[in-house]
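Visitor: I should like a close reading of one part of the structure shown below, set against the chain as a whole. Please begin with the overall form and then turn to the detail.

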Amino acid sequence: MLPDGAPADGLTAEQRAVVGHRHGHARVAAVAGAGKTTTLVKRVLHLLANGENPRRILVLMFNRAARDDFRAKLTREAPPSVPLPEVRTFHSIGHRLTQSLTRWGYLPPRQLLQADWQRERLLRQAVMQSLASADGETREAALDADRLEAFGQFCDLVKAEVVTPAELFEKLGYAADERHFIDAFEKVESLLEVAGQMTYADLLHRPLRCLEEHAGARRRVEGFLGHVIVDEYQDINEAQLRLLKILAGQQAQVMAVGDANQCIYEWRGARPDAMLSRFDGLFGSACEYPLSYTFRHGHALALAANHAIRHNRQRWDQLCLAAPGNPLTEVQTGVGASALLEMLQRWHAAGRHSDEACVLVRSWSLSVSVQLQLLRAGVPFRLAQEERFVFRLPLVQALAGYLQLARQPQRLQDPAHLALLFSQPTTFVAQDRVRRLVGELARTQQWPAREASILAGLKPGQRRHLKRRWQLLCELPKLASWPPAKLLEHVVDAIDAEKILRRSAARREKGDDDVRLLDVLIEQAGELANDPEAFIELLRNPVENRPDGVLISTVHGAKGLEWPLVAVWGLNEEDFPHFSRDNPLSPERLEEERRLYYVAITRARERLLLVQDGGDHRPSRFLDETAVEDCSRIDRAIRSGSETGIAVREPEMIGTYLARIGQACADLEHLGRSLTLHARQPVASPPAAETGAGSLGAAPWQVGDRVRHASFGDGEVLVVEGNAANPVIDVRFASAGRRRLIAVRAPLTKRS
Ligand SMILES: Nc1ncnc2c1ncn2[C@@H]1O[C@H](COP(=O)(O)OP(=O)(O)OP(=O)(O)O)[C@@H](O)[C@H]1O
C-alpha cells in the first residue's frame, strides 16, 4: 500500500501536492529516493494539461545524465505529439545566452576551450607570466600538475562564487605559496581575451556579468518564462542562482527541488543555505512542500539517516520515512576487511551478484586498502575512475619500485627505474634535469663531484634532496632481507616522505591523502610480512576494470545513485570526517562531512555495512551518531508488532517517526501509541577538543526547538546559522509565518 492513501495515479499525497501546486514560488524538500523525477514529470504534465504554454516552462537539471533521464521519462509519459518544454542543464542555458548576447552585440565572440590540454596550457602560461621574476624552484613547484589543477579550480571557483580572486583567496584561506593565484587569475583573463577564448566556467559567468551590467540586455531575456523548475537546488552555486533570478524575472514561478541535507558541493561553490534562507532572500516567500517518503530502503536505514543528520545544526528539519512497500534494509557495522569480505560472501551465497554491490569511500586514497584486500581475496571489482587503480598511482608504483630495487640491485643501472624513484615523492627538480642526472648515475654509479656540470644551477636544497635520494637507493640492496613494511617505513623516514608529500601537495587535503596512502601501504605490507614478493606482485598487478565486479566509488561520485548492497569503508576519525592536524575540522566543515556521510548511507536499498578499520584507528563519530542498534531494534519491533518497552537514544524523534508511519499505514497505526520508548544516555564520546568538534556541542539553539516570541507567539526553529555564540535562526510561527531572527536580540523563550 502507498503512504498517505494514494489513489490510482500512484502518487503519495505529498507528491500530489507538489504536482498540483497552484501559485507562487515553491520549495520542495525531497529526501533521498523520494521519487523526484516521477513527481516533477507529473508536475510538468499537469501544467501542460492546464493550458500552460510549453515554451514558458523551463526545467533545469544538475547534469547531463539527469537531464537525459528526465527528458526520456517526460517523453514516455506525455500524450503523443504534445509539444514538451525544454529540459536543460545550467551550462546549456549559459551557452545559449552567450550566443544571444554575442549576436546582439553585448559580448564579443569567443571560442570555448574544450580540450584539457588547451586549458592546461592556458593555466601554465598564466602562472609563468605571473611568476616571471620568481626563482626557478618556486616556478617549478607552481607548475606541478596538482598545483596547476588547484589553480584551475581556483579560477573556476572565482567565477562560480562571483567574487574577486583576492576575496576568494582570503575566504578559503589558501596557503601563502599560492598567493600568485590572485595575479595569475588576471593573467588567465587577459590571455583568454587576447585569444578570443573562454572556459566552461565562463559559460555562466560571462552572460551573468553582462546581464547584471546591462539593463537593456536583461529586458531582452526576462519575461519569457512562467515556470522554472530546478532540480538538485541544494548544489547550485552563486552564479547559477543569480542567472536563475534573471531568467525568472518578476513573473516566473520558481519551484526549487532538493535536499539541503545532501549539499555536498561546497568546494564547487554550493551552499547549504541556497535551499534555505538564500532562496527567501532572492525570490521572497515560497510554499513549502515536503517529500518525506523514500522509496529506496526500509525503516532501519531511514531511522539511521535521521539519527545521523540530526547532529547538524544547519539542516532541513524533515524526517526521512520509509514507504510501506520498500525492501527491508539490514544495517550493520563491522571492523576491517573481514567484515566486508564476509558480507560479500553471504551476498554471493544468496545468489546475488557482485555488480549489485558498491563500496563507497570518502576519498580515493581510502580505496587503496579495499582494492588490495579484494585483489588478495580474488573478488573482481571495478572503479568509477579507472586511473585510480592502485597500481597506476605514481606514488604506489614508486614504492613498489623501492622494494624491487632492494631485491634486484641491478636496477640501479636502469635509468627508467631511477627516474621513477627520483620523481616520487618529488625532489623539487625539473623532470628533464632529473632525467639527465639519472642517466649519468645509471652509467657511473657515482654521485657527481660538487663542480660537475650536471649539478650546475641546482640550489643547495635541491642538491641535498637529490643526493639523499641517491644514498637511499644505494643502501636498499643491503636491506634486502627486511620485511616489506619495515623497508617501506625506512624509505619514508630516510627521504622525509611525509613532509615532502605535504609540501608538494596542491591542496592540504591532497597532502593528507598522500600521507594516508603511505600509511595504508605500510599497513598492508605488514599483513604480508613473510612474503615480500607477494606484496610487490600485488602492487604491480595488471588488473582491469571488471564490468561484473563490485563497484568502488567516492561518495561524491555516487550522488543520485543507489545499489542493493552498499558498504561505506574507512569510517575512522580523520578519514571520515576528514581532518588532520594541518587541516582541522571547523564546525562548518564537520557539517559538510556529515552531509557527505548522509549521502553515502542513503545509497543502499537492502544492505548497508558501515566499516571502520579498527586497530589504532579511532572509529568515526558518525558511527556512534547513527545509533545502528536502536534503528535495527525499532525496525524489528515495527515488523514483529512487538509492544515492549525499548530504551533508545532519541525517543522523541523515533516516536514522531512511528506516529508518521502509523498515519500513513493503518497496519502500523498502533505503533506510535503502543511501543513505549525510554531515553538512553549516549555512550560517552571523545571530548570536543580532541575530536575537532569545535563549539558545536555547546550551541544553545537547536533545529526543532519550540519557542515563544513576545509578538509572534509560538513557533519552531527551522534553521540555526552562523556563529554558535550569536546565531541567526529561522523560526516558523503558527500565526506569523517564517521569520529570520538574531537569536540573542529577539524576545524569545524556549518552550519545553
Ligand atoms: N508514489 C510512488 N509510489 C511508489 N513508488 C514510487 C513513487 N514515486 C516514485 N516511486 C519509485 O521510486 C523510485 C525513484 O523514483 P524516481 O526515479 O522518480 O526518483 P529519482 O528522482 O530518480 O530519485 P531521487 O528522489 O533519489 O532523486 C522509482 O523506482 C519510482 O518508481
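What radius of gyration would a compact globule with 752 residues have, and what does the protein chain have? Thereafter, which residues of helix 14 and helix 25 meet?

Guide: This is a predicted model, in which local features need pLDDT of at least 70 and side-chain atom pairs count only at pLDDT 80 or more, while totals for chains, interfaces and linings use all residues. Residue numbers start from 1 along each chain, following its sequence as written.

For 752 residues, a compact globule would have a radius of gyration near 27 Å, and the 28 Å of the protein chain agrees with that. The radius is taken over C-alpha atoms, and the globule rule is 2.2 Å times the number of residues to the power 0.38. Along the principal axes, the C-alpha atoms fill a box of roughly 85 × 70 × 60 Å. The protein chain has 30 helices and 23 strands; these are DSSP runs numbered from the N terminus, with helices being H or I of at least four residues and strands E of at least two. Buried residues account for 42% of the 752. A residue is buried if 20 or more other C-beta atoms, placed from the backbone, lie within 10 Å of its own, exposed if 12 or fewer do, and partly exposed in between. Among contacts between residues at least 6 apart in sequence, 75% join residues at least 24 apart; contact requires that the two C-beta atoms, placed from the backbone, lie within 7 Å.

I turn now to the requested part. Helix 14 (residues 299-309) packs on helix 25 (residues 587-601) at an angle of about 175 degrees, and their axes are 10 Å apart. Helix 14 is therefore roughly antiparallel to helix 25. Axes are lines fitted to C-alpha atoms, for helices over the stretch in contact, and angles run from 0 to 180 degrees between N-to-C directions. Angles under 35 degrees count as roughly parallel, over 145 as roughly antiparallel, 65 to 115 as roughly perpendicular and the rest as oblique.

On the helix 14 side, L301, A304, A305, A308 and I309 meet R594, Y597, Y598 and I601 of helix 25. The residues of this contact divide into 8 nonpolar, no polar and 1 charged. Ala, Val, Leu, Ile, Met, Phe, Trp, Tyr, Cys and Pro count as nonpolar, Asp, Glu, Lys and Arg as charged, and the others, Gly among them, as polar. An α-helix has 3.6 residues a turn, so residues three or four places apart point the same way.

Within helix 14, A304 deserves a separate look. A304 counts as buried because 28 C-beta neighbours lie inside 10 Å. Leaving aside neighbours within four places in sequence, A304 is in contact with V331, I601, T626, V628 and C631. One of these partners, V628, is 324 residues away along the chain, yet its C-alpha atom is separated from that of A304 by 6.2 Å.

The approach to helix 25 also carries a backbone feature. P577 is found in the loop between strand 15 (563-569) and helix 25, and a cis peptide bond joins F576 to P577, with omega about 10 degrees.

A second cis peptide bond joins Q424 and P425, where omega is about -15 degrees. P425 is found in the loop between helix 18 and helix 19, as is F428. F428 is not a glycine, although its phi is positive, at about 60 degrees. With 18 C-beta neighbours inside 10 Å, F428 counts as partly exposed. F428 and A430 are in contact with E140, when neighbours of E140 within four places in sequence are left aside. E140 lies in helix 6 (residues 136-142), and the C-alpha atoms of E140 and V429, 289 residues apart along the chain, are separated by 7.3 Å.

Helix 18 itself (residues 415-423) has H417, L418, L420, L421 and F422 as its buried residues. Their cover includes helix 17 (394-407), helix 19 (431-444) and helix 20 (460-475).
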